[in-house]
Amino acid sequence: MKIARVETFLFHPGSGKNLLFVRIETESGLHGWGEAYVSVKKEKVVDQYLKAIAPYLIGRSAFNIRHLGQILFDDFAIRRSSVDFLCAWSAVEIALWDLVGKKAGLPLHNILGGAVREKVRVYANGWWYGVDSIEKTVERALAVKAMGYTALKWDPFPGPWRTFVSSAEEDYAVDNVRAVREAVGPEMDLLIDAHRRVAPHHAIRVARRLAEFGIYCYEEPCLSDNIDLVAEVRQAIDVPVVTGETLYTKEDFVPVLAKRAADILNPDVCAVGGIGAMLDIAAMAQPHAVAISPHNYNSTIVGLAATLHLSAVIPNFTIAELFINLQEPCDAITPSPIVIEEGGWAVLPTAPGLGVEIDREALLARPYQDFPHKDMRQYWEEFPRKNYVWGVANVTR
């Protein structure tokens with residue numbers, strides 16, 4: 001099980017962002033797949049991290065996962081945490097677990113202690129990209145319902161992401177959620193993502209107005225960089241608060257739990273250091289009665305499979321993320337697509353390792369492509385200003 005080869009692949013799915021996979025092969029020819037979380041326009045940054053790490057992997061045992069992660073942090077990252085390093089290491093770590101499962105001939109969840117649930121509930125995201133009105137949001141939400149999902153997430157706030165917004169933007173967010181709730185009915189769970197956008201007073205005011213719509217959870221109302229802001233919101237509202245998407249180490253989660261800042265944590269298995277780190281974070285959260293809802297803006301192949309195996313073995317799991325805009329292009333490059341049953345239930349892979357494979361030639365046929373450039377606002381377009389209208393960019397001075 002000595003590592004002989006490390007390859008990275010940037011894949012263009014045609015929507016959202018490029019995806020980044022890693023394939024690790026041992027001297028015997030056995031291979032494992034991993035995936036790194038990346039963000040649009042910065043995918044190549046993490047790819048370069050992987051290429052820089054790769055020479056340190058050659059010749060090492062694929063079994064020594066914990067030690068390898070520690071020495072890379074100690075001696076490669078020089079004990080400096082960064083999201084890009086952890087995303088790269090996550091890809092390697094997941095690939096190594098895939099190798100271990102394949103070597104053992106067992107699905108990963110059996111190696112990690114065995115499943116505590118038969119199937120994994122998922123919610124739909126990625127369906128609302130590009131909408132520019134409440135009417136279009138409702139139309140897309142109804143399409144998600146028609147696909148059989150019983151939970152969906154979106155960001156109802158309009159305009160640019162800013163700490164302070166106008167009352168009209170607050171009203172739009174509330175009207176948006178009201179319209180979706182009326183359209184999809186009471187049986188659909190609505191997960192609201194504020195994307196760390198606003199100050200606590202905005203977040204609290206909006207959350208209180210949304211409570212009547214039976215919100216499943218309220219994600220990242222404020223920047224978790226100052227976790228006291230998130231705790232302030234949680235203490236003031238009745239809707240369950242989610243945070244953790246932008247936290248990447250076990251140390252980052254200590255103050256979240258100590259300050260009772262969240263009801264649910266949503267770390268990403270492809271960003272926090274992989275499966276072992278996710279198990280650690282879930283174990284930290286459990287005695288605090290805090291649930292885990294894994295963030296998963298990754299492929300519906302490797303990233304989703306890793307998320308499902310993790311979700312299957314932790315007692316404090318609640319629901320996992322799935323980006324439906326990535327399903328079709330990802331299904332085109334795998335001979336073993338993950339099955340999503342009616343109601344939004346993911347079937348746990350049972351083949352050895354992650355239980356999924358990627359067609360290397362199909363993957364190579366869709367290499368990296370840059371996404372269109374998006375203009376950023378000028379100083380004269382910012383709120384507050386005379387005749388300010390949210391969402392209107394390139395205003396003539």
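**Cavities, a pocket and helix 5**

Tyr123, Lys153, Leu191, Cys217, Glu219, Val242, Ile264, Asn266 and Ser293 form the lining of the largest cavity in this structure, which is a predicted model. The volume of this largest cavity comes to about 50 Å³, and its lining residues divide by class into five nonpolar, two polar and two charged. When the whole structure is searched for cavities of 30 Å³ or more, two are found.

The second largest cavity encloses about 40 Å³ of space. Its lining is made up of Pro160, Arg162, Phe164, Val165, Glu169, Arg377, Glu382, Phe383 and Tyr388. In this second lining there are five nonpolar residues and four charged ones, while no polar residue is present. Among the charged residues that line the second largest cavity are Arg162 and Glu169, whereas Lys153 and Glu219 are the two charged residues in the lining of the largest cavity.

Besides the cavities, which the probe cannot leave, the model has open pockets, and the second largest pocket has a volume of about 540 Å³. A total of 22 residues line this pocket, and those that lie nearest its centre are Gly69, Gln70, Leu86, Trp89 and Lys250. Four helices, namely helix 2 (65-76), helix 3 (83-104), helix 9 (250-258) and helix 10 (275-285), each contribute at least two residues to the lining of the second largest pocket. By class, that lining consists of nine nonpolar, six polar and seven charged residues.

Helix 5, which comprises the 13 residues 134-146, reaches 18 Å from its first C-alpha to its last, and this span is close to the 18 Å expected at 1.5 Å a residue. Within helix 5, the buried residues are Ile134, Thr137, Val138, Ala141 and Val144. When the helix is viewed down its axis, these buried residues fall within an arc of 120°, and they therefore line one face of helix 5. The exposed residues Glu135, Glu139 and Ala146, by contrast, are carried on the face of helix 5 that is turned away from the buried side. Here a residue counts as buried if its relative accessible area is under 20%, and as exposed if that area is over 50%.

The partners of the buried residues of helix 5 are strand 4 (119-125), strand 5 (151-154) and helix 6 (167-184), against which these residues pack. Tyr123, one of the residues that line the largest cavity, falls within the range of strand 4 (119-125). After helix 5 comes Gly148, a residue whose phi is positive, near 105°.

Definitions and conventions: Residues are numbered from 1 along each chain as its sequence is written. This is a predicted model: local features need pLDDT of at least 70, side-chain atom pairs count only at pLDDT 80 or more; totals for chains, interfaces and linings use all residues. Side-chain values use heavy atoms; hydrogens and water are left out. On a 1 Å grid over the protein atoms alone, a cavity is a set of points where a 1.4 Å probe fits but cannot get out, and a pocket is an open set with protein on both sides within 12 Å along at least five of seven lines; lining residues have an atom within 4 Å of a point. Grid points are joined across faces, edges and corners, and a volume is the space filled by probe spheres set on the points. The expected span of a helix is 1.5 Å times one less than its number of residues. Buried means under 20% relative accessible area, exposed over 50%, partly exposed in between (1.4 Å probe, protein chains only). The arc is that of the directions from the helix axis to the C-beta atoms. Contact means heavy atoms within 4.5 Å.
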